[in-house]
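The exercises below are meant to be worked with the sequence and the coordinates at hand. Try each task before reading its solution.

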Amino acid sequence: MADIKKNEAITAQEVDFAQWYTDVCRKAELMDYSSIKGFIIYRPYGYAIWEQIQNYLDKKFKETGHENVYMPMLISSSLFQKEKDHVEGFAPECAIVTKGGNNILDDELIIRPTSETLFCEHYAKIVSSYRDLPKKYNQWCSVVRWEKTTRPFLRGSEFLWQEGHTIHETELEARTEVLDMLEVYNRMGRDLLAIPFTTGQKTEKEKFAGAKETYTIEALMPDGKALQSGTTHNFGTGFAEAFNIRFLGRDNLLHPVHQTSWGVSTRLLGAIIMVHGDDNGLVLPPYVAPTQVVIIPIQMQKEGVLNKAREIEKRLITLGLRVKIDDSDHSPGWKFSEYEMKGVPLRIEVGPRDLAQDLVTVGKRNDGKKLQVKLEDLEKTIPTLLNTIHDEMYKKALTYLLSHTTEAHSYDEFKEILETKGGYVKMMWCGDEACENKIKQDTNATSRCMPFNQEPIGDVCPVCGKKAKKVVLFAKAY
RNA sequence: CGGGAAAUAGCACAGCUUGGUAGUGCACCUGUUUUGGGAACAGGGGGUCGCAGGUUCAAAUCCUGUUUUCCCGACCA
């Protein structure tokens with residue numbers, strides 16, 4: 001990269017990674033704080049990234065047979081309490097409405113922390129035969145969880161998400177659904193966000209309240225901590241029993257439905273910011289960037305410059321690209337810094353010097369490299385460059401992930417890796433929750449997932465010495 | 001939810017110790033000259049000092065409470 005001037009407004013990652021993150025969130029105009037703890041304002045630029053994610057996923061959901069619905073924001077306390085594990089898991093972080101107008105409510109209303117119970121109540125009403133199955137619903141909404149520690153996008157009292165809720169005739173169908181949707185998320189990481197996710201199953205301790213099995217996509221952040229980025233849950237028939245969602249089967253007997261739910265949230269923005277960002281600010285993967293190409297005219301007053309810039313803008317828009325031209329009277333240097341801070345993948349400089357040779361200068365945000373492109377080649381070169389940037393960003397993140405996934409064969413080794421290097425530590429595990437708890441207590445790391453690839457790296461659990469049952473990835477987590 | 005720090009113009013901060021007319025830089029507005037890595041000069045606008053009480057003739061400043069943010073722990077997507 002050229003020796004571009006460091007932006008003094010952003011704290012360097014090396015100095016204070018947490019402060020760097022906060023600086024980027026605000027300086028790139030992704031969000032602002034409101035006056036209520038943990039409730040943030042998603043500013044247009046940040047919301048636009050979420051919209052790209054929505055567009056991508058909504059299409060995938062519909063392609064795989066899901067329909068969008070909208071459930072109420074409030075849940076009656078009696079309904080909320082029907083499934084025991086679920087209540088215990090969520091009750092401590094619920095916000096509750098106790099007053100309506102001037103009247104104290106006899107029954108308190110819970111602001112949804114998640115909508116399982118609402119979907120269950122509805123499904124119980126509309127399903128009576130196997131012919132009514134499956135139902136594959138999805139909801140885009142926000143949920144509220146009263147968090148003690150909050151950080152923009154990573155943990156908020158309110159966050160935006162989608163929650164898929166499906167019910168099926170057979171266990172196999174439900175299991176297929178959760179694995180299929182996990183794969184949709186995984187591909188989103190690869191194709192849209194340029195983030196290599198690690199996929200696998202959660203342990204009993206880490207699984208969702210009320211679920212039989214929970215699967216997860218985990219991303220590794222540059223500070224060595226893992227970020228749970230999305231989950232899919234197989235509920236088995238637990239909720240169906242509690243909420244009486246039964247259907248008359250092909251055998252003319254009543255059966256509970258097999259149920260799933262799955263979701264990703266605006267936490268993904270946090271993953272994008274951290275995985276790709278650098279000391280000059282945000283670095284957005286091209287396919288999720290609200291603006292993919294910014295055109296900066298140089299010496300706009302010179303004959304033809306602005307017209308040529310506008311012409312280029314039109315040509316690129318015709319290709320379906322998201323293009324912005326900045327003809328404000330800030331200096332070019334100011335604009336360069338501004339769009340670097342905002343992470344725009346490609347910058348096209350249109351100035352008299354290059355135009356004299358029918359060229360433009362193109363700058364790549366991800367590695368700072370500049371190249372000259374013939375005007376006539378733009379249609380060919382720009383989309384190719386965007387694709388190249390995506391691949392480079394993915395590879396960079398993958399290289400980091402691989403080089404920060406370390407095997408531990410003893411508990412001492414395990415602790416040392418967590419202290420010195422961070423990242424994922426792969427270790428054998430006996431399956432006993434006591435060992436997970438001990439690890440948590442000793443190192444503050446948690447089991448992130450049991451990866452699908454279960455090739456053993458030992459015979460015993462290094463923590464207790466008992467026979468090992470599973471390969472587990474441990475890490476400190478957000 | 002515990003322990004620490006902070007809150008003064010959009011942003012970064014000074015002023016507070018020792019109470020007495022609210023300041024600086026950047027940003028913003030106007031004009032001129034500029035424009036290939038955060039331009040220069042001149043002029044100008046903007047703040048009930050987080051909020052609520054208290055002490056005082058007088059509070060940004062002292063006292064009490066409260067809210068929010070950041071950091072470190074415990075809890076969670």
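**Exercise 1.** At roughly what angle do the axes of helix H2 (residues 44-63) and helix H8 (residues 267-276) cross?

*Solution.* Before starting, note that this is a predicted model, in which local features need pLDDT of at least 70 and side-chain atom pairs count only at pLDDT 80 or more, while totals for chains, interfaces and linings use all residues. Residues are numbered from 1 along each chain as its sequence is written, and chains are lettered from A and ligands numbered from 1 in the order in which they are written.

Step 1: take helices as DSSP runs (H or I, at least four residues; strands are E, at least two), numbered from the N terminus, and fit lines to the C-alpha atoms, for helices over the stretch in contact, with angles running from 0 to 180 degrees between N-to-C directions. Step 2: the axes of H2 and H8 come within 10 Å and cross at roughly 105°. Step 3: that makes H2 roughly perpendicular to H8, the class being 65 to 115 degrees, with under 35 roughly parallel, over 145 roughly antiparallel and the rest oblique. Step 4: Gly46, Ile49, Trp50 and Ile53 of H2 meet Leu268, Leu269 and Ile272 of H8, where contact requires C-beta atoms, placed from the backbone, to lie within 7 Å. Step 5: these residues divide into six nonpolar, one polar and no charged; Ala, Val, Leu, Ile, Met, Phe, Trp, Tyr, Cys and Pro count as nonpolar, Asp, Glu, Lys and Arg as charged, and the others, Gly among them, as polar.

**Exercise 2.** Describe the protein surface near RNA strand B, using the 48 residues around the strand.

*Solution.* Step 1: a residue is near the strand if its C-beta atom, placed from the backbone, lies within 6 Å of it. Step 2: Ala18, Gly333, Glu349, Gly351 and Arg353 come nearest. Step 3: the elements that give two or more residues are helix H1 (17-27), helix H10 (332-341), helix H11 (352-355) and strand S18 (359-364), and H10 supplies the largest share, eight residues. Step 4: by class, the surface has 16 nonpolar, 18 polar and 14 charged residues.

**Exercise 3.** Locate the backbone features at proline 134 and phenylalanine 153.

*Solution.* Step 1: leucine 133 and proline 134 are joined by a cis peptide bond with omega about -5°, and proline 134 sits in the loop between helix H5 (116-126) and strand S7 (135-144). Step 2: phenylalanine 153, a residue other than glycine, has a positive phi near 70° and belongs to the loop between S7 and strand S8 (158-168).

Methods:
Two residues are in contact if their C-beta atoms, placed from the backbone, lie within 7 Å.
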